[in-house]
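Here are a few notes from my read-through, set out as numbered points. I hope they are handy when you have the structure open.

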Amino acid sequence: MKWTEQQIPRQDGRVAVVTGANTGLGFETARRLAERGASVVLAVRDTEKGKLAAARMNGDVSVRELDLTSLESVRAAADGLRAAHPRIDLLINNAGVMYTPKQTTGDGFEMQFGTNHLGHFALTGLLLDLLLPVPGSRVVTVSSTGHRIRAAIHFDDLQWERSYGRAAAYGQSKLANLMFTYELQRRLAAHGTTVAVAAHPGVSNTELTRNTPSIVRRPVTWLAPVITQPATAGALPTLRAATDPSVLGGQYYGPDGLGEVRGHPRLVTSSPESYDVTVQQRLWAVSEDLTGVRFPVGQAVAAA
């Protein structure tokens, strides 16, 4: 049976924080959760755009400033969320950048790694104690099929200071999203309340591709009706990961079509590299050092 938005359970009484929710996949994810009764927080860099997005949604929707390129902003957002919400049921790490020119965050991290991985790593660590007491709570992190493309964790040059490739840097950040999810799930397993799940949208027609080199962007634009799906469909794997009662920690959801480009959400597998426990744990340690954030869950007892 194909999973559709009609299968999203009621979310009454649940609090959901969605990063990057003013546009694209994040907007569609937040909109549907709000329609199902969740109290949804749009965690966005531009609060004016966030307010415009909230005005287009039905339900209990609020806006919180969050700039993932700044650890100071991440900490401020976490403090504000903590003051406003004694509990969080869903944290959806959706925001991201793709194929940006070489640049760094305010903290000196390569932009894609700093935004897509380190910003979300820090946010999750700062909010996790609000999820741990809540049965059925989930951390959902959005990755990409790009985690397979020229992707590795370059510990010898994480910030791409010696050389830079847009696609490879993006692939590293999305591979990091998956490795973070899998290691987080092992650490959460002993607590029995919160799970970590990953999802990817296939190839969705959103503004995330605005930095794609023109030689690639033109053919993609021409072929978009055939090789992409709208954000309404691209958000479904995230929504299934966030709400389907049958979902288990450590799972990964994506479209069921050829090449996982488009289609209905189903359980999928990630690249062999993403399951390397030794690299996952090394990445975790490095991420803690870079962000200064320590999680309220210890290291997994054993690596599986």
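1. Let me begin with one residue, T238. Leaving aside residues up to four places away in sequence, T238 is in contact with T29, I92, V140, V142 and A199. This is a predicted model, so please take each point below as a reading of that model. T238 belongs to helix α8, and it counts as buried because its relative accessibility is 4%, where the cut-off is under 20%.

2. What does helix α8 meet in α1? On the α1 side the residues are E28, T29, R32 and L33, and on the α8 side they are L236, T238, L239 and T243. Sorted by class, this contact of α1 with α8 holds 3 nonpolar, 3 polar and 2 charged residues. T238 thus turns up again here, as one of the α8 residues in the contact.

3. The geometry of that pair is worth a look too. Helix α1 spans residues 24-35 and helix α8 spans residues 236-243; their axes come within 9 Å and cross at roughly 45°. That angle is why α1 is described as oblique to α8. As for handedness, the α1 and α8 crossing is right-handed.

4. Now to the sheet. It is open, has 8 strands with mixed pairing, and follows the order β3-β2-β1-β4-β5-β6-β7-β8. Its edges are β3 (61-65) and β8 (265-267), each of which pairs on one side only. From one strand to the next, the twist averages 20°.

5. Is strand β1 enclosed or open to the outside? It is largely enclosed by the rest of the structure, because 5 of its 5 residues are buried. V15, V17 and T19 point one way from β1, while A16 and V18 point the other way, and all are buried. This fits a general pattern: in a regular strand, side chains alternate between the two faces of the sheet.

6. Two strand pairings are good places to check the register. β1 and strand β2 (residues 39-44) run parallel and are joined by 5 bridges; within β2, L42 is the bridge partner of V18. Strand β6 (residues 195-199) and strand β7 (residues 252-255) also run parallel, with 2 bridges between them. There, A198 has Y252 of β7 as its bridge partner.

7. Which helices lie on the sheet? One of them is α4 (residues 111-131), which lies across β1 (15-19), β4 (90-93) and β5 (138-142) and runs at about 175° to β4. Helix α5 (residues 166-188) packs on the sheet as well, touching β4, β5, β6 and β7, and its direction makes about 160° with that of β6.

8. Finally, two backbone values that I would like you to look at. Most residues other than glycine have a negative phi. W160, however, has a positive phi near 55°; this residue sits in the loop between β5 and α5 and, at 7% relative accessibility, counts as buried. E260 is not a glycine either, and its phi is positive at about 55°. E260 is in the loop between β7 and β8, and its relative accessibility of 15% makes it count as buried.

Technical notes:
Residues are numbered from 1 along each chain as its sequence is written. This is a predicted model: local features need pLDDT of at least 70, side-chain atom pairs count only at pLDDT 80 or more; totals for chains, interfaces and linings use all residues. Side-chain values use heavy atoms; hydrogens and water are left out. Axes are lines fitted to C-alpha atoms, for helices over the stretch in contact, and angles run from 0 to 180 degrees between N-to-C directions. Helices (H or I, at least four residues) and strands (E, at least two) are DSSP runs, numbered from the N terminus. Angles under 35 degrees count as roughly parallel, over 145 as roughly antiparallel, 65 to 115 as roughly perpendicular and the rest as oblique. A crossing is left-handed if the near helix is turned anticlockwise from the far one by less than a right angle, and right-handed if clockwise. Contact means heavy atoms within 4.5 Å. Ala, Val, Leu, Ile, Met, Phe, Trp, Tyr, Cys and Pro count as nonpolar, Asp, Glu, Lys and Arg as charged, and the others, Gly among them, as polar. Two strands pair if DSSP finds at least two bridges between them. Buried means under 20% relative accessible area, exposed over 50%, partly exposed in between (1.4 Å probe, protein chains only).
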